[in-house]
Amino acid sequence: MKNKYIIGSCILLIISLLNSIGVYAQERKDSLVNVAFGAIAKKDILGAISTVNASEITEKKYSTYSLDGLQSFVGGYTGNIWGQSPLILVDGVPRNANDIRLTEVESITVLKDASAIVLYGSKAAKGVVLITTKRGQIQPLTIDVRANTGIFVPKRYPSYLNAADYMTLYNEASRNDGIAERYSQEQIFNTASGANPYRYPDINFFSSEYLRKVYNRTDLTGEIHGGSERARYYTNFGMAYNNSLMQYGYQKKNNDWRFNVRANVDMNLTEWLTASTRAAVVISDNYSGRGNFWGTSATLRPNWFAPLLPVDMLDPHNETLSSFVETSSHVIDGKYLLGGTTTDQTNAFSDMLAAGYIKNKNRTFQFDINMGADLSSVLQGLTFKSAFSIDYMNYYNEAYRVDYAVYQPYWSNMNGKDVIYRLDKINVDKSSTSEYIGEANYSQTIAASGQLNYDRTFHSKHNINAALLGWGYQIQTSADENHGSSSYHRISNLNLGLQ
């Protein structure tokens, strides 16, 4: 019995030691926090600084945007700091947070007070968000692949009045105001019966005619990392695609597609000289059919007009009506003309069916190079770091747009059958087979920094830490000829700091 007790105690002791080693290793891993131009131990943090381990987040939840859900982890951050947009730095360079996915991020640090942001100068007056990408570690080659797919189902749609109820309540409101009713009981009855939805329209925006029940998003991410004492590497590549709920006109092809690749390499060139490079490419495309469907769904009265007018309901003896069909460039499915009114000369339905589409294309390239030198041979505790980066973003869209005519119908009943005896043509039909460049612009960012650090401990008790640095960047953007806005001057920012 005594031997069993000793063996059991030894096993518990070993498990306890292993747990302690694991906790200690994790504490060491998480002990450093990225701050302005460096990293410090958590226990030495002063001021309003919050940090989030992004690697842990991606293990627990599905996210794509680099700052997705950050407000859940950082107090005082709600998408902005102090009610204003902060300066966002990716690996120390001003960049767009949309150009990086959460799977590429090692940590995110939010600097919220003056003492934390002072080294970044006036541009950081609204706070700073530091995004640090993953880097390679000393370990054998490791390949991680992750695929996500999701089906998105609307929980519910807004509940609006149908046409008959709307007309009934409109009449009631008219009576209460002492004015004549607008809609006859015959109109209300025929609308409610649904016998002829073209003459008595009742638009239900959230029906299967316009919307799918679900839409899909799928993405694939691969990570390759490893290295030795001499060189460490990390590569992240991914693709993402999603469609939309729309299934009407050009908008049924709505989709987003993205491809990205990022590579980080860290090298020990000599015992005292290190270097690192980072490069990233992001290619994203978006297809959008024209027409403001969701905005119209909240404003258009359900009985206002019929989006489509059947050709087979036109008076066959009216040559003018026949000529409208023969000369129209937009006979939908060979069966319908576009409906509208003098106040709805263009409308969301006609836009989706005839106006065309926009293909947005974004291309981003980022490149960094960093050098570090240990100058202990000159003065113990002295180091030097420098960095240079250049980013280039190019955006343009390929658009297809044509003008179209809509028709306001006038109905009558002939031999017990509803017939359109007159059409008012509004606007002019045009046709085109050519795309055009609707908008094109670019942005270029060049950033550089140099930093001299002195970090030394005397007699294991007295710590001295000092930094002298220079940091600056310049952003140049192109003029947008289509919208008349131009940026003739480059945005330049230069800071000198002593800490």
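This passage describes the overall form of a predicted model and then its strands, loops and one covered helix.

The predicted chain contains 8 helices and 21 strands. Its radius of gyration is 32 Å, well over the 23 Å that the globule rule gives for 499 residues, and the chain is therefore more spread out than a compact globule. Along the principal axes, the C-alpha atoms fill a box of roughly 105 × 75 × 50 Å. Of the 499 residues, 41% are buried, and the accessible surface of the chain amounts to about 28100 Å², with 55% of that area belonging to carbon and sulfur atoms. When contacts between residues at least 6 apart in sequence are considered, 73% of them join residues at least 24 apart. The chain carries 46 positive and 46 negative charges, and the mean positions of these two sets are 8 Å apart.

An open sheet of 5 strands is found in the order β3-β6-β7-β4-β5, and the pairing within this sheet is mixed. The edges are taken by β3 (49–53) and β5 (93–94), each of which has a single partner strand, so that one side of each is left without a neighbour in the sheet. For β3, 5 bridges to strand β6 (residues 105–111) are present, and the two strands run antiparallel. Within this pairing, S50 has V110 of β6 as its bridge partner.

Strand β12 takes part in two of the antiparallel pairings described here, one with β11 and one with β15. Strand β11 (residues 255–268) and strand β12 (residues 273–289) are paired over 14 bridges, and a hairpin of 4 residues joins β11 to β12. In this pairing M267 stands opposite A275, a residue of β12. The pairing of β12 with β15 extends over 17 bridges, again in the antiparallel sense, and here L273 has A373 of β15 as its bridge partner.

Strand β15 (356–374) also appears among the elements that cover helix α8. This helix spans residues 348–355 and is mostly covered, with 8 of its 8 residues buried. The buried residues of α8 are A348, F349, S350, D351, M352, L353, A354 and A355. Their cover includes α6 (293–297), β13 (308–310) and β14 (336–338), together with β15, β16 (382–401) and β17.

Strand β17 (residues 406–414), one of the elements covering α8, is joined by 9 bridges to strand β18 (residues 417–426), and the two strands run antiparallel. Y407 has K425 of β18 as its bridge partner. The hairpin formed by β17 and β18 has 2 residues between the strands, and in this hairpin N415 takes a positive phi near 55°.

Positive phi values are also found in two loops that follow in the sequence. In the loop between β18 and β19 (436–458), N427 has a phi near 75°, a positive value in a residue other than glycine. N427 is partly exposed, its relative accessible area being 32%. In the loop between β19 and β20 (462–477), H459 has a positive phi of about 55°, although H459 is not a glycine. With a relative accessibility of 69%, H459 counts as exposed, because the cut-off for this class is over 50% relative accessible area.

Strand β19, which lies between these two loops, contains Q451. At 7% relative accessibility Q451 counts as buried, since buried means under 20% relative accessible area. Apart from neighbours within four places in sequence, Q451 is in contact with F37, T383, F384, K385, A467, L468 and L469. Q451 and K134 are separated by 317 residues in sequence, while the distance between their C-alpha atoms is 22 Å.

Methods: Residues are numbered from 1 along each chain as its sequence is written. This is a predicted model: local features need pLDDT of at least 70, side-chain atom pairs count only at pLDDT 80 or more; totals for chains, interfaces and linings use all residues. Side-chain values use heavy atoms; hydrogens and water are left out. The radius of gyration is taken over C-alpha atoms; the globule rule is 2.2 Å times the number of residues to the power 0.38. Buried means under 20% relative accessible area, exposed over 50%, partly exposed in between (1.4 Å probe, protein chains only). Contact means heavy atoms within 4.5 Å. Accessible areas come from the Shrake-Rupley method with a 1.4 Å probe; for residues, only the protein chains shown count as cover. Lys and Arg count as positive and Asp and Glu as negative; His and the chain ends are not counted. The place of a charge is taken as NZ of Lys, CZ of Arg, CG of Asp or CD of Glu. Two strands pair if DSSP finds at least two bridges between them.
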